[in-house]
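Q: Could you take a close look at the salt bridges in this one for me? I'd like to know who pairs with whom and where the partners sit.

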Amino acid sequence: MKWTPPARSPWVEKVVAYGRGLGDNGRSIVSLQADDLLAAARSATGLDDAGDSWFRDPLERLCTALDEEADLHLAGRLRARAELQLILQNRLRLVDLWKRELTIGQEQVRSPIIVTGLGRSGTTLLHELLACDPDNRPPLLWELVHTVPGAVQSPDGPVPLAATDWAALMDAEITLMDAMVPAFTAMHENGGHLPTECIFLFAHQFSSDMFTGIYNVPSYTIWKSGVDQTPAYEWHRRMLQTLQWAPEPDGGVTPTWVLKAPSHLGSLDLVFATYPDARVVMTHRDPLRVVGSLADIMATLHWMHSDRVAHTELVEFLCMGLEIQMNGVTELRDSGSLPAEQINDVVYKDLVADPIGTVTRLYREWGLTMSDEALARLHAYVDARHRNRGVGTHDYRFEDTGLDLAEHRALVADYQQRFAVPSEV
């Protein structure tokens with residue numbers, strides 16, 4: 001089958017053409033060597049200590065895969081360099097802060113709400129609904145990349161910025177993806193001020209699905225799937241402690257963290273090992289409906305950064321991964337090794353049919369009271385969502401995957417039966 005890539009912005013095509021003219025797509029002028037990246041981050045921050053050494057292996061594997069497998073064009077290479085640079089600089093500043101402020105490690109992250117499930121199964125919708133409650137605290141994108149903001153350099157010297165300025169800066173950085181391929185806006189909303197996924201927390205250990213989604217890095221993806229992610233979860237907790245420790249306008253009231261990432265689905269044991277009192281919400285949707293959307297999104301992200309997109313291989317890899325993962329989740333949930341009373345299930349069709357009813361049910365099952373203000377914000381969010389429905393929609397079909405429906409339906413039948421997930425294709 002043939003996948004048709006969306007149009008890239010004219011300026012991206014000019015940068016790509018310039019890289020082709022160099023004969024090496026910019027490899028000679030934009031280094032992705034781990035040592036070069038770390039040296040540049042140290043120079044930019046004036047800091048040397050990067051903390052525990054665990055991150056070096058995933059960083060080096062990721063950089064090698066970017067150099068040797070991802071076939072990055074010059075625009076993609078520049079963006080990869082900038083992204084890794086930002087994360088390394090934030091890591092250096094975090095380690096420096098932790099050495100100066102020892103009380104950060106004493107912060108207690110209590111009873112976080114963690115939303116997980118297949119990508120495109122309603123995790124973002126549910127996360128944003130839960131974030132409507134002012135007593136809940138989602139991590140915002142800007143504060144996961146500029147957690148310890150440094151000063152911005154200007155002709156007159158370093159200039160400190162307020163939180164709103166950092167949010168605007170992050171908004172410009174992340175929405176560069178939209179500018180590279182405008183069609184991506186309809187696939188996934190980005191914004192420096194918006195609640196975001198835990199992949200940006202994990203990225204500081206350079207072991208994150210963020211990189212496997214954006215770039216074609218199969219050796220890194222395979223390596224990551226077989227490695228104990230405990231150190232990544234340790235950083236996850238430490239960064240939440242840092243955000244919780246920072247002075248809050250509300251007088252420092254300890255928030256209930258509302259977190260979200262499909263990648264938690266494969267690490268539920270680590271979720272509860274890190275946060276024993278966590279409330280986990282698992283969203284469920286027909287995996288065969290999901291795969292078409294995920295494949296299109298990942299192919300588009302690869303196209304942003306490379307002229308080569310192996311769409312057929314991507315579809316097959318995704319479908320096999322989803323089938324194995326959902327069967328594994330079914331077995332794990334039935335094994336009795338997880339605290340069943342701390343896991344709630346939400347089926348996608350029920351969530352979209354009655355989003356407010358879904359959230360109020362979860363609160364009831366958790367023994368929580370929903371305030372009038374939270375309920376009013378929920379209604380306002382849902383009303384706005386309904387008004388914007390159909391604007392910039394993302395269209396995809398299972399037929400576009402080229403897969404045999406009957407064959408793959410049989411492979412997810414146990415999962416669908418276990419969680420009462422209806423077929424959508």
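A: Let's start with what counts as a salt bridge here: a side-chain nitrogen of Lys or Arg within 4 Å of a carboxyl oxygen of Asp or Glu. By that rule the count comes to 24 salt bridges. Keep in mind that this is a predicted model.

Take Lys99 and Asp49 to begin with. Their closest N and O atoms are 3.2 Å apart. This pair links distant parts of the chain: Lys99 belongs to helix α4 (residues 74–100), while Asp49 is in the loop between α2 (34–45) and α3 (56–68), and 50 residues separate the two. As for exposure, Asp49 has a relative accessible area of 33%, so it is partly exposed.

Next up is Asp71 with Arg308, where the closest N and O atoms are 2.5 Å apart. Asp71 lies in the loop between α3 and α4, and Arg308 in the loop between α14 (287–305) and α15 (311–335), so this salt bridge ties together parts that are 237 residues apart in sequence. Both ends come out as partly exposed: Asp71 has 39% relative accessibility, and Arg308 has 38%.

Now for a pair with buried partners. The side chains of Arg137 and Glu143 form a salt bridge at 2.5 Å, N to O. The cut-off for buried is under 20% relative accessible area. Arg137 has 14% relative accessibility, so it counts as buried. Glu143, at 7%, counts as buried too.

Salt bridges can also join up into a network, and there is one here made of Arg8, Glu13, Arg20 and Asp307.

While you're looking at charged side chains, have a peek at Asp133 as well. Its side chain makes a polar contact of 2.6 Å with the side chain of Tyr363. Tyr363 sits in helix α17 (residues 355–366), and with 4% relative accessibility it counts as buried. Leaving aside residues up to four places away in sequence, Tyr363 touches Leu130, Asp133, Asn136, Leu368, Thr369 and Met370. Asp57 is another matter: its C-alpha atom is separated from that of Tyr363 by 41 Å, and the two residues are 306 apart along the chain.

So, if you want a route through the model, go from Lys99 and Asp49 to Asp71 and Arg308, then on to Arg137 and Glu143, and finish with the polar contact of Tyr363 and Asp133.

How values were computed. Residues numbered from 1 in each chain as written. Predicted model: local features only at pLDDT ≥ 70, side-chain atom pairs only at ≥ 80, totals over all residues. Heavy atoms only, no water. Helix = DSSP H or I, 4+ residues; strand = E, 2+ residues; numbered from the N terminus. Buried < 20%, exposed > 50% of the residue type's maximum accessible area, 1.4 Å probe, protein only. Contact = heavy atoms within 4.5 Å. Polar contact = N/O pair within 3.5 Å; in protein donor to acceptor, adjacent residues only side chain to side chain.
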